[in-house]
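Me: Please look closely at one part of this model, the surroundings of the bound ligand and the helix packing linked to them. I would like one connected account, with cut-offs given wherever a term needs them.

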Amino acid sequence: MMAGKMRVLIGGGTGFVGRHLRAWLGENGYQVTCISRNDGPGCISWTELVRKGLPECVAVVNVAGRNLLEPFKSFTPLYKEELYSSRIDTTENLANLIREAKVKPKVFVSTSAVGYYPPSSTAEYDEDSPGGNFDFLSGLCADWEAAGQLEPELNVRQATVRLGVVLGRDGGAIQNMYIPFFLGVGGRIGSGKQWLPWIHVGDAAGIYAHAIENDHVSGILNGTSPNPVTNSEFTVAFAKAMWRPAFFPLPEFVVNAVYGPERGKVLLQGQKVMPKRTLESGYKFIFPEIDAACKECSVFIPDIKRLQ
Ligand SMILES: NC(=O)c1ccc[n+]([C@@H]2O[C@H](COP(=O)([O-])OP(=O)(O)OC[C@H]3O[C@@H](n4cnc5c(N)ncnc54)[C@H](OP(=O)(O)O)[C@@H]3O)[C@@H](O)[C@H]2O)c1
């Protein structure tokens, strides 16, 4: 196969999920080009991409997005605008470049999040459950998904991964909680009864790879483990993996002080999300259980290669 045909273009490929997907693709014979705000080795900038058009490639993926949970950051209109443009405008840019490309990729994989589903302690959601219309963050997910839709006549397969809370030693939630747990001052968040729709980063990357490689995969895929747990259950599992106690709950008022109530609810409320279509499409989870996922996240020195 020609190199151009094995190339995968990844918007936000420099990030946490993107690094793991790049590592997997590299190991499996693909050539990866990241799209980034900055030029660098193996990267092309968004401006340059728009100027030059889509290079020949087999797949386009978008995992770009400004971090939602930056602590002590006011949820100002400007911050909301950046959350929006870093997700929706980048996805829309890629969709438009695919529309204009003479040689189309086989597949476009975009991203969304479980914030699409309303928080609930009792409901169980799968990819067919309604959502996307009850607050700013759910609307953001709906617009993010809509931005990635391609017209069927383009003949480009399209999939969207609705990611849950991604667990991995080298990024995301674990990176923020590793030191407190290591020091033995970790604990549940709020009541701890809220659902935590978690996924290990090896599986998050694995689902994107599955969507790239398999011609029958399309549509929404929940990027969550088949065994969701509550925040308290996760806390016990992570503390056990770290060989530490976890007696110091993070009270609701502290979460609200650090993140504000609109973002704090991402941590204080949760959704029980099942990856029904993901499993039906044949994806086999590497880390279906929280204990093994936490054990892998508890290592002192992160090593992406160990997950291959
Ligand atoms: N991690 C999670 O638990 C989780 C959960 C649900 C959904 N998600 C979503 O899944 C995607 C991947 O997650 P991740 O944890 O890998 O994200 P990440 O590491 O925080 O960021 C991914 C990339 O987004 C790009 N980016 C950041 N701010 C941007 C901006 N203002 N404009 C354009 N690009 C920007 C950055 O690339 P450059 O610096 O190279 O431009 C960054 O490397 C994100 O969209 C995230 O919102 C993540």
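The reply below starts with the ligand and then follows two of the contributing helices outward.

Reply: This is a predicted model, in which local features need pLDDT of at least 70 and side-chain atom pairs count only at pLDDT 80 or more, while totals for chains, interfaces and linings use all residues. Residues are numbered from 1 along each chain as its sequence is written.

The ligand is surrounded by 26 residues, of which G12, G15, S36, G65 and S86 are the closest (C-beta atom, placed from the backbone, within 6 Å). Sorted by class, this shell holds 13 polar, nine nonpolar and four charged residues (Ala, Val, Leu, Ile, Met, Phe, Trp, Tyr, Cys and Pro count as nonpolar, Asp, Glu, Lys and Arg as charged, the others, Gly among them, as polar). At least two shell residues come from each of helix 1, helix 3 (77-100), strand 5 (107-113), strand 8 (165-168) and helix 5 (172-182) (DSSP runs numbered from the N terminus, H or I of at least four residues for helices, E of at least two for strands). Helix 3 gives the largest share, with four residues.

Helix 1 (residues 16-27), one of these contributors, also packs against helix 6 (residues 201-213), their axes coming within 9 Å and crossing at roughly 60 degrees. Because of that angle, helix 1 is oblique to helix 6 (outside the ranges under 35, over 145 and 65 to 115 degrees). The crossing is right-handed (the near helix is turned clockwise from the far one by less than a right angle). On the helix 1 side the contact is made by F16, V17, H20, L21, W24 and L25, and on the helix 6 side by V201, G202, A204, A205, Y208 and A209 (C-beta atoms within 7 Å). Whereas polar residues are the most numerous class in the ligand shell, the contact of helix 1 with helix 6 has 10 nonpolar residues, two polar ones and no charged ones.

Helix 5, another contributor to the shell, is among the elements that cover the buried residues of helix 7, alongside strand 9 (195-196), strand 10 (198-200), strand 12 (229-230) and helix 11 (290-297). In helix 7 (residues 231-241) the buried residues are N231, F234, T235, A237, F238 and A239 (20 or more other C-beta atoms within 10 Å). After helix 7 comes W243, which has a positive phi near 55 degrees, and, as a general rule, most residues other than glycine have a negative phi.

Definitions and conventions:
Axes are lines fitted to C-alpha atoms, for helices over the stretch in contact, and angles run from 0 to 180 degrees between N-to-C directions. Two residues are in contact if their C-beta atoms, placed from the backbone, lie within 7 Å. A residue is buried if 20 or more other C-beta atoms lie within 10 Å of its own, exposed if 12 or fewer, and partly exposed in between; C-beta atoms are placed from the backbone.
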